[in-house]
Structure formats: C-alpha cells, structure tokens
Amino acid sequence: MKKELKLKVNGQPYDIFVKPKTLLVEALRDHLALTGTKRGCNSSSCGACTIMLNGMAVKSCSILALQANGAEIVTIEGLAKGTELSPLQKAFLDHGSYQCGFCTAGMLMATTALLTENPKPTKQEIKEGIDGNICRCTGYNSIIRAVTAVVKGEYKEAK
Amino acid sequence: MSEYSVIGKRVHRVDGPEKVTGSAKYTFDLVLPGMLYGKVLRSPHPHAKILKIDTRKAKRLVGVKAVVTGKDTLGHKQGIWRRFPELCDEEILCREKVRYIGDPVAAVAAIDEDTAEEALDLIDVEYEPLPAVFDPLEAIKEDAPQVHDGIELNININRHIEWGDVDEAFKKCDHIREDQFKCSSQAHVCMETHDAVVSYDYGGKMTVWTSTQSSYYIQRLMADMTGLREGDIRVIKPPTGGGFGSKFELDSAQFCAAILSMKLCKPVKIVLSREEEFTATKRRTPMYYFLKLGAKKDGTLLAKEARVITEGGAYTAMGATALYLTGFFSSFPYKYPNYRYDGYRVYTNTAVTSAMRGFGAPQSTFVGESQLDMMAEDLGIDPIEIRRKNGMTPNYEVPGQAFIQSCGLHQCLDKIEEHVKERGKLPPNHGIGVSAYGFMSGGIFNWFDTPYAFSAAVVRINIDGKVDLFTGACDIGQGSDTTLSMICAEELGVKLEDIRIHAADTGICPPDLGAWGSRETLMNGNAVKRAAAECKRQLLEFAAAKMAPNIAYDFDIKDRWVHLVDRPERGVSYFDIVKEAIRGKDGNAIMGRGHYTPHRKGMISPAYSFGVQAAEVAVDTETGRYKLVNVTTAHESGTVINPVGIEGQLEGAIMMAGGYGFCEDQPMDEGKILNPSIADYKLIRSLDMPETDILEIDTYEPEGPFGAKEAGEGLTNPTAGAIGNAVYKAVGVRINDLPITPEKVLKALKEKEKKKK
Amino acid sequence: MIKDFEHFAPKTLKEALTLLDKYQDEAKIICGGQSLLILMRQGLVAPEYLIDIKGISELSYIKSDGKGGLKIGALTTHRTIEKSSQMRDGFAVLAEMETRLASIQTRNWGTIGGNLCHGDPAGDPAPVLIALNATLKMASLKGERSLPVEDFTLDYFETALKTGELLTEITVPAPPAHTGTAYTKFNIIESDLATVGVAASITLGAGDSCQDIRIALGAAAATPMRAKKAEAVLKGKKISDALLAQAGETASTEADPISDMQASEEYRRELVKVLVPRISKEAMARAKKA
Amino acid sequence: MLIEGKFTMKAPIKEVWNFLLEPGTLASCIPGAEKMEAVDDKTWEGVVKQKVGPISVKLNFTQSLTEVDPPKHIKAVGRGAAVGGAGTFTQETIVDLKEIAKGEVEVAYSSKVSMVGRLATFGERIMRAKVNKVGEEFTNNLQEKMKSRVGG
C-alpha cells in the first residue's frame, strides 16, 4: 500500500505517495523526475546517488524514501542559483573535474556538503570528503584541485 | 604554441555545463511514453545444454508484455571480427548451449522493472550441466571439455609475429633470461552500466539510444542480428557514463531490448545491474606470459621471444585483437633486431575477455618492463640507461609491422631520470620503479570489415556564422567532443563557442568506427580538420573575390577575421564573408566533408605515442602493505590539443592502471566471479590515490591533426610495471603475477628471508 | 528487487517494542539500513513487516553515565560519535575508529547500534567497544537486560538479540587511571572493511607494568573476539618487545580466521601477529600520557 | 569449496560399508536436513534449512548415489533449489574405504559444495564462511554417526 511522503526538494515542497519499498533515489528520479542524481551500484559503494538531506551528505540508494519524510533535500539540480552556477560547479568546469560525468552529481553533492560543514578543509579532509564516491575517469586529483580552489576563495558565491 | 588561438588552451569541455548541473540526459535517464522495462535471464551454469525453456508462467504474470528466447531470434551468431565468419560465435540469446555463468537465455518486457524481475523467476529453464573448463592451460589439454564443438584444443585463434633470426640471435647473446608471468583480469567498472532504450515502430524503423563507444558498430551489428537494413536502424549515443573498451560490441541490453521492442512495437529499456555488469559483460584478458630476453653485456637487446596463452572466455569478441596487440606491443618501445611472438587465445567457460583500455598492452608492458629491470640488474646497468640504449627513436621501422614517425621516448627518459635524481635518497623501504611504454593512435586493421572511411565528418556553416559539426566520433567521457570542436574551430579560424557538435547519431552523422584503440584525436581529428578546411576553402574563395588583392597573396581565417596571411591587418569579418558566401551559393549553407582512412601506414597504426612513468611506493615489511606515494609521468602525445583533457586522461589512467597493479582482480570459483559488486571489487578511492605529476614533452606528429596523437589508452600501460619495479627497488622482492597484493609481497619477503638463512 | 512489505515508523521505544512483540520473527528492524537494505535489494531478505526505528529520537544521545563513563543511544549515528566533543581522553579511540568506518555518507545515516546488530565480524565498533569493556542494554516488553559487547555476537551475522528485543544503549565505562586504548585495521583500500582489526586497551600499574589489558580482534573469527590468551601473556608483566611479540604469536594462534578473496587464513594470522604488538605499543604510549 | 579428511574405525569393512549404504545415512548428515525420505534405494528427497544471519534459506533437496563400488567407494550427489528462486546448491560427496588392518578401516572423504544464483553472489565473504561450515558439519556428522553406530 502506498504511503504519503512529504519532502522539500531544492526548496520546493512535494507531497507524493510511494510504496514503502521505494528508495529515496527512486522517489527523486522516478517520481520527481530529478534524474541528475545517478545510481551506479547496488551496494552503497559508489556514491553516485549522493544528495544532501537536512544538510548532510547521504547515499539516497540506501535510504527508504519514507525515512526521509519531512526532510529538506538538495540535489544537483538545486546547486545553481537561477542560471548562475555554484562556486564548486564553476571550479569543476575550470579544472576538468569530470569526464563521463556520471559520478559528477554525487561528487558535487559530497563536496558541497563537505564545505557546508567545514568551509576550510585540509587536503586530507577533502580526500575523506569524496572517499565514498567512485570516479572511474579522473583519478580524483582534479576534483581535489577544484575544491581547493574554492576553499582558497577563488570563486564567488552567486547572489 | 602561440600560433594557435584555440588549440592548447585551457577550455571548458563543451559538455561541461550540462554535466555539472545534472541536466545531461544519459540513456539511463531516458523515459519514453509507453516505455516498457526489460530484464535478462542468464545462465547459472558455466557450461550446459539447454533442454527446455518454459516461459508460460512468466507470460501469465500480470504486467508482463513479452518473453523472448533464442527461438525468437534469427539464430545468427555475432561477433566484431566480421571478416572471419567462424569467429562470429556469440548468439547473445543462447538457443542450445550456454557457455559461461551469465550467458543470456531469455528476456522479459514488463510494465516496470520489478515485474520484469519477478517474471525471470517464473521462467523454467531445464539445463543439462556439462563438464566445464576454466583455465586456459587446462583447456588446451587433449581431454579437456569442448567449449565450442569442433575447435581443436579449444584454441580460438593464434597469432604469430616474427622478424629477424631469433634463434641465431640468442646464440650471440651474453646473457639470456627466461621468466614467466601471469596477468589478471580487470573489470571496466563504467559508472553507467550497459543500457539501451530501443523503439521499433510499426513502420519498421528502429531507434536505439544506448551507452556505447561506437554507434556505427551497434547499427551494423544490430542489422546483422535482426535482419533489418542498416538504414532502418538509427543509433543515438546520449552522454555516456564511461566505456574503457567495454561498450563497442553489441551487448545483451541492446539486443534483448531490440528483440522485445520488435515484438511489441513499443519502446523497451534495459539497464544492466551492477552485478550483471561484472559477470556478464566483457573484461580484460588474463594472460600467461612466457618471455625470453637476450642481451649483450653492454645492455644491447638482441632478441626477444614472447609466448602467450590468454583466457578467452566463452566467445571471440574483441579478444582476438587483444591477442594481436599484446604480441605487437611486447616489442615496445624498444628496437629489437630479432623478435618472435606466438599467442594463443583459448576458449574457456568463463565470462568473455575482450577489449579494455590498453588492449593487451598493459599486460605486455607489465611483463616486459618487469623483465627488463631484471635484465638490467643482472648486467649491472641502470634501468633508465638500458631503456635509453634500446629505446625507439623517430623514423624507426618495426620490421614489417610499423613505421614510427614522431617519438619522444628519449626526452621522456631524460625527464624521468631528472625526476628520480631530484627525489634523492629515499626513506627506508621506499622505492621508485620506472616503466616505459608506447601505444597506437587508432588501429589500421579492419576486421570489422567496414566499407566506409575509418573516420568522417561534416561541417556546416549557418548564416549567423554558427558551425554545426557532424561526426560519428563517440565521446564516452574521454572528451572527444571537446577536442574535435577545438580542431574544427582552429582550422576554421573561429572561436570554440562558434561550434556546435552533433556526434554519434547514425541518423545524421557520417559513420566512424568509434572510440577505441585511441583513434578519435588522430583519425576523426583529421576528418574534422579536412571538413573544416573544405568550408574554409569555400569561404576564402568569396573573400578573394570580394577583396580582390594581388593574387599572390594567401588568405586565412583566425579569430573570426578573414585576412591576408602576409598583411593580417587587411581583412573582413568572418560573419560578413559567411553571409556573402551563402548568398553567393544560391542560399546553400556552406558545407564541407572530410574523411580519414590510413593508407600505407603499416599493419598497426598511423602514429604512436610514448612515455615513461616512475612510481614511488613505501612498503611496510611486516605486513607487505605498500602505499602508492607518487606517480610521475612524462608522456608525449604530439601537439597537445586539449591540455585539461590530457591531464584528466593521465590521472584517470593512474587510478585504473594503478588498480590493475595494486588491487583490482576478478577471482573465480568454477567460473563464478566471486566479487561482482563495487563493495567487493576493490577500486582505488581518493584516499588511496597517489600524488600525480605530469612532465610535459613537446613533439610533433606529421600524420596527426596539427601534429597531435593519442593520449588516452597508452597511459594505462606503464603503471603495473612501474609498481612492480618500485616494490623490488624498495624491498627486493619481485612479484610476477598481478595484482601485486600485500599478501604476495609478504610471502615473497618471508621466502627471501628463509633463503638468506 | 525489494519485495513489498508493510512499513511502520514508531516514534517511541514503547511503540517499537509493541510492534516487535506483535509481529515477532515476521518483522525486521531497520534503522540506518546501510546493511539490511542491500540484502533486501538482492532479494535475500524479504520481511513481511519492516519496523523502521530511525525516527525514535529518544534513542539517539551521548551522555555521561555519572561515573566518568558514557552512555550512547543505539540510534546515535557514526558521524555524531565521530564529531562529539565527548569523545576525548580515554574515549578518543571511538572517534578515531569512526573516521575509518566506511564513507562520510554511510556514517551520516548509519547508526552504531545498527552496526552492532548486523553482527559482521569485520565491523569496526565491536573490537573497540570490547577493548573498552563496554556493555549493551537490550529492551523488550518483558524488560531490560545487559550483556558485555564481547558476548553479543554469537556467530557470523548472529547476535544474542532475542525475538522481541531491541538494542537500546551502549555503556562505555570510564577507563581506569593510566589506561590507553588504540585501534587499527588492516585493509587494502583505506575506507574498506577490515581484513583484520585489532583493538587494545592497556592499564599501566606501578613501574609501567601491565596491570590490565584487553585485546579484541575483528575479522579474525566468526565473531569479534577477545584474545584472552594473548592478554594473559602480557598481564601483570613489564612489557617488553619480546613479550609483545609473544603476545602477537599467541593471538594469531587463538584467532580462527577464514580464507576468502581478501586474504588467506594464514595471512590473517600473520596480520594479527604483527598488529597486536603494534597496537598494544600504541595503547601503552597512550596509557603513559593518560 | 572442497573439504577433505580421513579417519580410521575399528570395525570390519563390510559393516562400515553396509552402514554407509543404509538409506538415509548420508542424507541425514546434511546439516539442517529435515524429512529426508527415500524415493528409491539410491535417491532421497527432503527439505534443508539453512540460516546466515538475517538470511534464511529453505532448499528442496535431492540426494542420489551416483557411484557405488562395494565395498570401497561411494559417490553421492545432492542438489537443492532454494524455495523462492534465490539459488541452487550442489554437494558432491565421495567416501572411500580402505582396510588398513584386519578389522580396521580407513575412511577417506571429500565433500565439494557449490552454490549458484543470487545466494552465491551475496557477499562472497559471508557465503564462503557459511559453506565451509556446512561442509565441516557434514563431515563431522558423518564421522560421529559412523562411530556411534559401528563403533570407533
């Protein structure tokens, strides 16, 4: 039997009905058509489905949608302000911190959560921040460089 | 490089904005109205006869729309070596026999994924398990089970390469080494698993959206397998979540979705699960390597003999190419006057081995570079010195095989030597290992038997000066869309933002063989450059007519300025010329076509890239655990078109190739892959990633567009060998079988200790 | 594919226990779900009823036990423990352990109680809690009971929890004076599960002799285990390198690891042999500073 | 997974052999076996229940004697299909008897257990541990049963 699920995603309130077995990633992708969030594994291992839930980075494939009832969620679609990209998005563009792009949403959400919690992370802390995310293309170092550039204040927050 | 205004600049990738905002739509994201979801039933047995398939219960499940088995196909066997029909040996949906755990036997389309999966459990397949064979050394024995009927000793294909007089040469050597190695398997682990949406309509036309490295191959192979005409099949490649060699053959997602869609005239989507991705798609070829190397006292290499037996798995796939390339690249990057290679690809009842980034060369480089270090030590010669003494140089001919024009190997050796010196005396149990390599820029071989040019492009200039670039090249993440757009902009003399690329859609783009063998930059780059040059030629005709200068003057375009080459201040705006040219052509848009097919370029490739890598490790001698501290690479790839792209290829290759050396493996038990998940398959993560440094080398490849050549796969070749050599330098033990795990290192350390006593 | 189930989201412990009592073995408990959901997705576990206790806020806390020790609610997330200012001095090892447990995402959602109830012999918290002499509180409608952490896991993925019972609290007693505790795990990928994990807690007596010691091993047997024979080698003695090596040897003999694709049985024993002295030394160094 | 071992028994080889062939001796040694019933003199059917942590598996199990070479060699093959389609389970047992002295028999056994399907792909680490254990229990049961019946 379907149950009611209330979510605020990227500032927009939603009220939908889902089967209890629906995973949060499925609610976002299949019910709300927010397909920027990806799924890459079946074992909570790859991090492609990372989103922010009440300010924390979590893997949306490992949470039942109903467990997020009432939560505030930010997905990759919520990072830009209007048409202005977030500092991390801009830094990813400049540093070539993505190739195939399939892990990119997860990487951006993990690093956004990291900087929300800790605006001045060390290199080691940046590495820890993305260690739950697999990138098969870049070798991570360009992602670390992009985050470092944001930490150094090279990118201004959009107003 | 300042003569270029686009090439060599640090630019944003053309697909960047959509990828960093989550708006790029992958095949994985596509939903069409009325779309159904498919799932594939696979064999749980490594080798069995199919006695009966009963699909009645599955068909009765509410929500199931169709169930197909091999009987619903034409029964054709497919393969990518189309020139040799006997090597096209894979049915995709098996009719009589399954040959590995994961071989597809049926497929279901239903209203949602859960229903389709539930239906799989309701399909009754009666198997008669047959004796199976898993190791190629077992499979070549007289009494081994036969994977395919009538194939003697299960030998799928053999390759022989030879030049010089190897036996005579060995007699003249002062020192000969014979060593054995074992190279492991590796999974591609694309972040987007194999997937496809196929829509077959009542008009008999099929559209395929799929995550692929070659939309043309899929179109052609799909035509072979369905009986449709090539032109009735349109294959579109949306943004693709990685390929690495796994996605240019027709796969079960594409084929089963097509067969189901043809049955229903409705779109069907199939996304392989991560577990299927690990167990039922292709993988890197494991190899047994037997090497014999002979040298003079001074380190001059006189002869090399390589014998290889590879685990083929159940079908041919692209594994036959890997068998050839590992043999060719076993001679790389050195000048062997005498060389012999014999390789055998052996069928086994395991998941199929095929192409993976490096394509046989990571294996040959690991074994070759390991053995070369052993030889250097035996002779008391510095590892870099022995490489310098024998390394390839520009304008070198590999006898009967290849002609190498540009080659920066020696500059790379110099740079790496400097780097090693700079590191100075290392802390205890640290070691730096060096590994040299080379790779091709696209294959010349045409076993696929395409009648088309290897690469082709069309450039069209619109009235407002915006340029549409149509190419069959496939961007799978490596960045070909950006590189080709840059080449197009440079050649045409416009800005990168003036280009809009339309790629890998067989309905509108000219055929291209796709993204494999590091071919896009050189081959498609040349095609794009020629197409752009043709457009430019048309524009300049109008410029000449309009400005009417002394006919001795040449025109060119740069930064949207059409001008006289010798008097660049005299010119007109590109936009004005475009408008006039179109008007002058009776309203026809300016169009140029270009293609590239290599001619008289040897057997392998029109050009080769080279490099040298140094890996530093720190070993814990009590546990055998080592850390990758730093990997520094001197790589030359001709003119650098897209520097950000090359950095990404280089660092990414280290994650993958370092993994091949350090931790990635696919252990099996009776043909069953034991680690089919990202939790159990060990991948290098950010905390495990070493520091990476890139040392730039300038070269120019006459055959490449603006002097460019490959910078993608070759980078996967050196790392395992560099790690092996580094571990040896650090603690004096040599591991000859991949991956070099801490457990193996510790075991070797203990044996060494025992010998001392 | 996950099979359909009925979902309950009790808000209080009482509600949860009542539901558990009602559905008995047909119900499974989910909290962070970082382990259970994987099994459900693989179709290997298909409960009729799922009791989702993630929302029971009364079970998420870190507080003092009034005697210098800590009480940690079973639903406290790994990340909360990692970041807690209470994880200092003798408890710092808990935070250190947490930073190496999987990824930040998993630690943000997964709970320490869920980790223990999964009963994975390679889990990180159990060896550390065993070394710290922690106890677990379990509740059912019938009442409460306590059990030392070392007695909680019975077999591979089997715990002492009875039908109708819920793990509610972990009590970590104040370490005695001059006690140091340390933990390390061996793995190939930094954030991976332990190939072998070793925790040691040492209390130093007069003249730096080993007054008391607890050594716990992870992934070295079917359950997290105490290496009591190795402890006996060191207890009451003045610790020397030779004695530590002997303790390592002893621990590697009393361990009962399996061979799998991460490591052979022999290699795991070898790791125990090396890591027990290493981590004991670290614990001793901390004890001296404590 | 292969488990091998041997033990000796003080009993005439004929007696050991007869016990081994008794209906159900081998089948009843399978850990978790319930209701094993003889279909004919070489085949038994029943239900086997196994549990690993949160996972419970019920298998419809058939065991048959495929090689019988009195009084020294026997091979039994068991196959089980998990109810609900989670996988199948195969067990192959070989027992060889050798008279090492008058009234003393060496019993050599090997037991190979394999699994296919979803069960098998669930964490290799867990399943391997479990399968090893099942194999061990089987051979322990066999040894105990024989010793208690025929005398050690």
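This is a conversation about the two domains of chain A and a pair of helices in chain B, in a predicted model.

Trainee: How is chain A divided?
Mentor: Chain A has domain 1, covering 3-78, and domain 2, covering 87-151.

Trainee: What separation is there between the centres of domain 1 and domain 2 of chain A?
Mentor: Taken over C-alpha atoms, the centres are 21 Å apart.

Trainee: And how many residues of each domain are in contact?
Mentor: In chain A, 15 residues of domain 1 are in contact with 13 residues of domain 2.

Trainee: Which strands supply at least two residues of the side of domain 1 that touches domain 2?
Mentor: In chain A, β3 (50-53) and β4 (56-59) each do so. The strand β3(A) gives the most to that side, with 3 residues.

Trainee: What is that side of domain 1 made of, by class?
Mentor: The side of domain 1 of chain A that touches domain 2 has 8 nonpolar, 6 polar and 1 charged residues.

Trainee: Turning to chain B, at what angle do helix α11 and helix α12 pack?
Mentor: Helix α11 (residues 383-390) and helix α12 (residues 409-423) of chain B pack at about 170°, and their axes are 10 Å apart.

Trainee: Why are they called roughly antiparallel?
Mentor: Angles over 145 degrees count as roughly antiparallel, and α11(B) and α12(B) are therefore described in that way.

Trainee: Which residues make the contact?
Mentor: From α11(B) come B:I384, B:R387 and B:R388, while α12(B) provides B:H410, B:L413, B:I416 and B:E417. The residues of this contact divide into 3 nonpolar, 1 polar and 3 charged.

Note on methods: Residues numbered from 1 in each chain as written. Chains lettered and ligands numbered in written order. Predicted model: local features only at pLDDT ≥ 70, side-chain atom pairs only at ≥ 80, totals over all residues. Axes fitted to C-alpha atoms, helices over the stretch in contact; angles between N-to-C directions. Helix = DSSP H or I, 4+ residues; strand = E, 2+ residues; numbered from the N terminus. Parallel < 35°, antiparallel > 145°, perpendicular 65-115°, else oblique. Contact = placed C-beta atoms within 7 Å. Nonpolar A, V, L, I, M, F, W, Y, C, P; charged D, E, K, R; others polar. Domains from an automatic or database assignment.
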